[in-house]
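The exercises below are meant to be worked with the sequence and the coordinates at hand. Each one gives a task and then a solution in steps.

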Amino acid sequence: MQDYDAVIVGSGTNGIAAAIYLQQKGLKTLIIEAKPEPGGATKTGELTLPDFQHDIGSAVLPMAYSSPFFEKLPLEKYGLKWIFPEIPFVQTLENGDAVACYQDVAKTASDLGEDEKAYNKLMKPLVKDWSKIVNDILGPLGIPEHPIKFMNFGRHALLPAKTLANLTFKTSKAKSLFYGAAAHSTLPLTNLASASFGLVLTIMAHQNGWPFPEKGVSSLINVLLAYYKDLGGTVLLNKTITKTSQIPSKIQLFDLTPKQLLEIEGLDFSTTYRKRLSNFNYGSGVFKIDWALDEPIPFLNEKCRKAGTIHVGFSPEEIEVSEKVISEGKISEKPYVLLVQPSIFDSTRTPENKHTAWAYCHVPHGSKEDCTDLIEQQIEKAAPGFKKTILKRSVMNTAQLEIFNPNIVGGDINGGRQDITQLFTRPVAKISPYKTSIDTVYICSSSTPPGGGVHGMGGVNAAKQAMKDHF
Ligand SMILES: Cc1cc2nc3c(=O)[nH]c(=O)nc-3n(C[C@H](O)[C@H](O)[C@H](O)COP(=O)(O)OP(=O)(O)OC[C@H]3O[C@@H](n4cnc5c(N)ncnc54)[C@H](O)[C@@H]3O)c2cc1C
């Protein structure tokens, strides 16, 4: 192993992106993964019935599709096929109504009545400027390449989602649509910067849609690793790293979160750095369900049947309460539910005429509560008869998610709380947060900027820093 320039511990998308970057630069690299399958939280498998393929963690990958690093890789040449649902995402409303975020900004706005003008005014410039600011948003904090465009994004993004929605929109339709996207933050919608999630995800919907890979998210991992191996990279599975003596390479990059990093024997961090890592805050958890279904989800509203992702919640107030009570250690009786129906658009996932669905709701960190009934009741309201279509379900509480992948600490799918104090300064406030107090050791997981999501940018940013420091 001494022959390796760099060892990357963990084969999540950040670990793989870091390894590809370094391998492209001519280094000799090795990825070591604890689990028998690579991919971390980006993995597809049979969870319910034979031949029903479920995305166990991430499912919808607009950030991977729009990733400034992944988009330059020859992934399609390696066989990756992206699937674009007709509507990127839909928000359910009362009485079978729903509101859609189409790829077209004007079409989305035209469905918002009184808020048509306001939606166009907010979104059009942001969508237009996105390609100029994306690198700054997905990188560590620094001097932006286009400061005015970046500041225009920032002045909206740093607001609480509730404030931005109330300042911009009059109708509960438009507010609900924005809340549904902003609630991906897993923060109360009154928290500073919770608007940033709603904006980034909505901009991505308008730029490119919310696609996912054919056959499931593992297809992305398979092509990334095929490309990596063709570059000369090596992957070692089924090996858990517990001490540094297992990885005697010139540099080490850890696709792990601070809690795990602190447990690795031989990482002699300075006392201050160790203390700062131990103060890292994890966020809320999720309770996840996968279903094998006898037929498509019988949504009342046609828009829901055409969308890959459906945000289930029936008013801005309901979504706001759902996300607020989590931070008080409670779960709403009417939780906001993120629902995905991949098999409607991808027939490779199931036997003929059968379907799968994927959903989760947010829960307090480490919660063991079973939210099956709450989630299914919410879906049943938007799609009466849904429960009768269920052939089998698989559920995962926060502890089971952490067994599936030790990076999902307490069920936190973003590798740490993504509030204003940890958005750009994760895991600790440093000019380069990827550097640790040991000059050969880097952290490259979603616990670094830009945080959670399948985009690989934490990995690439860390790898760039390591390259600059050592080679
Ligand atoms: C239920 C769920 C739903 C999600 N939905 C979406 C979505 O739809 N879209 C989206 O963009 N994002 C989604 N996410 C978030 C996204 O999946 C993560 O932010 C992203 O995958 C994190 O990538 P990573 O490389 O930082 O770490 P991970 O993917 O967590 O990978 C870390 C890897 O390190 C390995 N490892 C840990 N400890 C050791 C050790 N000691 N030795 C060796 N290996 C080790 C783990 O086994 C794991 O494979 C979701 C996540 C979850 C869990």
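**Exercise 1. The span of a helix**

What span should the 14 residues of helix H16 (residues 457-470) have at 1.5 Å a residue, and how far apart are its end C-alpha atoms?

Solution. The model is a predicted one, and every value here is computed from it. The expected span is 1.5 Å times one less than the number of residues, so the 14 residues of H16 should cover 20 Å. The C-alpha atoms at the two ends of H16 are 20 Å apart, which agrees with that expectation.

Now repeat the step for helix H8 (residues 194-208), which has 15 residues. At 1.5 Å a residue the expected span of H8 is 21 Å, and its end C-alpha atoms are separated by 22 Å, which again agrees.

**Exercise 2. The cover of the two helices**

Determine how many residues of H16 are buried, and find which elements cover them.

Solution. A residue counts as buried when its relative accessible area is under 20%. By this criterion 11 of the 14 residues of H16 are buried, so the helix is largely enclosed by the rest of the structure. Among the buried residues are Met457, Asn461, Gln465 and His470, and the cover over the buried residues of H16 includes helix H1 (13-24), strand E10 (251-254) and strand E16 (441-443).

One contact of Met457 can be traced from a loop elsewhere in the chain. Ser67, in the loop between helix H2 (62-65) and strand E5 (82-83), is in contact with His455 and Met457 once its neighbours within four places in sequence are left aside. Ser67 has 0% relative accessibility and therefore counts as buried.

H8 is mostly covered as well, with 13 of its 15 residues buried.

**Exercise 3. Backbone angles and peptide bonds**

Examine the residues on either side of H8, and then look for positive phi values and cis peptide bonds elsewhere in the chain.

Solution. Ala193 lies in the loop between helix H7 (172-182) and H8. Although Ala193 is not a glycine, its phi is positive, at about 75°, and with 1% relative accessibility the residue counts as buried. H8 is followed by Gly209, whose phi is also positive, near 85°.

A further positive phi in a residue other than glycine is that of Asn353, near 65°. Asn353 is placed in the loop between strands E13 and E14 (355-363), and, with 60% relative accessibility, it counts as exposed.

For the peptide bonds, inspect omega. The bond from Arg426 to Pro427 is cis, with omega near 0°, and Pro427 is found in the loop between helix H15 (398-404) and E16. A cis peptide bond also joins Pro449 and Pro450, with omega about 10°, and Pro450 has its place in the loop between E16 and H16.

**Exercise 4. Residues apart in sequence**

Which residues does Lys330 contact when its neighbours within four places in sequence are left aside, and what does the corresponding step give for Ala118?

Solution. Begin with the location: Lys330 is in the loop between helix H13 (316-326) and strand E13 (337-340), where it is partly exposed, with a relative accessible area of 46%. Its contacts under the stated exclusion are Val325 and Pro364. The C-alpha atoms of Lys330 and Ser367 are separated by 9.2 Å, although the two residues are 37 places apart along the chain.

Ala118, by contrast, belongs to helix H4 (residues 116-137). With the neighbours within four places left aside, Ala118 is in contact with Thr168 and Phe169, and its C-alpha atom is 9.8 Å from that of Leu167, 49 residues away along the chain.

**Exercise 5. The chain as a whole**

Compare the radius of gyration of the protein chain with that of a compact globule, and then describe its contacts, surface and charges.

Solution. A compact globule of 471 residues would have a radius of gyration near 23 Å, and the 21 Å of the protein chain agrees with this. Along its principal axes the C-alpha trace spans about 65 × 55 × 45 Å, and the chain holds 16 helices and 16 strands.

Next, consider burial and contacts: 62% of the 471 residues count as buried, and of the contacts between residues at least 6 apart in sequence, 74% join residues at least 24 apart. The accessible surface comes to about 18,100 Å², of which 51% belongs to carbon and sulfur atoms. Finally, the chain has 49 positive and 48 negative side chains, and the centres of these two sets lie 5 Å apart.

Methods
Residues are numbered from 1 along each chain as its sequence is written. This is a predicted model: local features need pLDDT of at least 70, side-chain atom pairs count only at pLDDT 80 or more; totals for chains, interfaces and linings use all residues. Side-chain values use heavy atoms; hydrogens and water are left out. Helices (H or I, at least four residues) and strands (E, at least two) are DSSP runs, numbered from the N terminus. The radius of gyration is taken over C-alpha atoms; the globule rule is 2.2 Å times the number of residues to the power 0.38. Buried means under 20% relative accessible area, exposed over 50%, partly exposed in between (1.4 Å probe, protein chains only). Contact means heavy atoms within 4.5 Å. Accessible areas come from the Shrake-Rupley method with a 1.4 Å probe; for residues, only the protein chains shown count as cover. Lys and Arg count as positive and Asp and Glu as negative; His and the chain ends are not counted. The place of a charge is taken as NZ of Lys, CZ of Arg, CG of Asp or CD of Glu.
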